[in-house]
Amino acid sequence: MHHVLIVHEVQNYDSWKRIFDDAAGIRRAAGERSYQVLRSAADPNRIVHFSVWTSLEDARRFFESPELVALREKAGVRSPEFNYLEQIEAGTL
């Protein structure tokens, strides 16, 4: 499985979330298959987006696209950190 972990600051969570939700269709078309959104308990504007993708190439192409760069700016995203990950193990305890 192919995962992307993004950690970033947003100016305002509610504004960011509206834009994030509105982009669900383009995320799906680009190859995102599932996601989780988490926020820091200490800072509600520090967001973690963890998602599963059809491939890391699809994810990179999407996140580096001019369309998404513009959406991040509109959403008030600051200093995104992208981590492209391959799953090697999973389990339930």
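This passage walks through the strands, helices, cavity and a few individual residues of a predicted model.

A good place to begin is the sheet. Four strands make up an open sheet, and reading across it gives the order S2-S3-S1-S4, with antiparallel pairing. Strand S2, covering residues 32-39, and strand S4, covering residues 77-86, stand at the edges; each has a single partner strand, so one side of each is left without a neighbour in the sheet. On average, neighbouring strands of this sheet are turned by 15 degrees against each other, with direction ignored. As a reminder for readers new to sheets, strands pair through backbone hydrogen bonds, and the pairing can be parallel or antiparallel.

The pairings can be followed one by one, starting from strand S1, which spans residues 2-10. S1 is joined to S4 in the antiparallel sense by eight bridges. Within this pairing, Glu-9 has Arg-78 of S4 as its bridge partner, and His-2 stands opposite Glu-86 of S4. S1 also pairs with S3, again in the antiparallel sense and over eight bridges. Here the bridge partner of Val-4 is Ser-51 in S3, while His-3 stands opposite Val-52 in S3. The remaining pairing links S2 and S3, which are antiparallel over seven bridges. Val-37 stands opposite His-49 of S3. S2 and S3 form a hairpin, and six residues lie between the two strands.

Next come the helices that meet the sheet. Helix H1, made of residues 13-22, lies across S1, S2, S4 and strand S3 (46-53), and runs at about 175 degrees to S2. Helix H3, made of residues 56-63, packs on the sheet too, where it touches S1, S3 and S4. The direction of H3 makes about 170 degrees with that of S4.

What does the inside of the model hold? The structure has one cavity of 30 Å³ or more, and the volume of the largest cavity is about 230 Å³. Its lining consists of 17 residues, and those nearest the centre are Trp-16, Phe-20, Phe-63, Leu-68 and Arg-72. Several elements contribute to this lining: S1, H1, H3, S4 and helix H4 (66-74) each supply at least two residues. Sorted by type, the lining residues of the largest cavity comprise 13 nonpolar, two polar and two charged ones.

Three residues of the sheet can now be viewed individually. The place of Val-7 is in strand S1. Val-7 has a relative accessible area of 16%, and because buried means under 20%, this residue counts as buried. When neighbours within four places in sequence are left aside, Val-7 is in contact with Arg-46, Ile-47, Val-48, Ser-79, Pro-80 and Glu-81. Val-7 and Gly-25 are 18 residues apart in sequence, and their C-alpha atoms are 21 Å apart in space.

His-49, which lies in strand S3, is another residue to look up in the structure. Is His-49 buried or exposed? With a relative accessibility of 4%, His-49 counts as buried. Leaving aside neighbours within four places in sequence, the contacts of His-49 include Val-4, Leu-5 and Ile-6. Glu-32, Tyr-35 and Gln-36 are also among the contacts of His-49, as are Phe-20 and Phe-63. His-49 and Gln-36 are 13 residues apart along the sequence, while the distance from C-alpha to C-alpha is 5.9 Å. Phe-20 and Phe-63 have already appeared among the residues nearest the centre of the largest cavity.

The last residue is Ser-79, found in strand S4 and listed among the contacts of Val-7. Although Ser-79 is not a glycine, its phi is positive, at about 50 degrees. The relative accessible area of Ser-79 is 63%, and because exposed means over 50%, Ser-79 counts as exposed. Ser-79 thus belongs to an edge strand, as S4 stands at an edge of the sheet. When tracing any of these strands on screen, it helps to recall that in a regular strand the side chains alternate between the two faces of the sheet.

Notes: Residues are numbered from 1 along each chain as its sequence is written. This is a predicted model: local features need pLDDT of at least 70, side-chain atom pairs count only at pLDDT 80 or more; totals for chains, interfaces and linings use all residues. Side-chain values use heavy atoms; hydrogens and water are left out. Two strands pair if DSSP finds at least two bridges between them. Axes are lines fitted to C-alpha atoms, for helices over the stretch in contact, and angles run from 0 to 180 degrees between N-to-C directions. Contact means heavy atoms within 4.5 Å. On a 1 Å grid over the protein atoms alone, a cavity is a set of points where a 1.4 Å probe fits but cannot get out, and a pocket is an open set with protein on both sides within 12 Å along at least five of seven lines; lining residues have an atom within 4 Å of a point. Grid points are joined across faces, edges and corners, and a volume is the space filled by probe spheres set on the points. Ala, Val, Leu, Ile, Met, Phe, Trp, Tyr, Cys and Pro count as nonpolar, Asp, Glu, Lys and Arg as charged, and the others, Gly among them, as polar. Buried means under 20% relative accessible area, exposed over 50%, partly exposed in between (1.4 Å probe, protein chains only).
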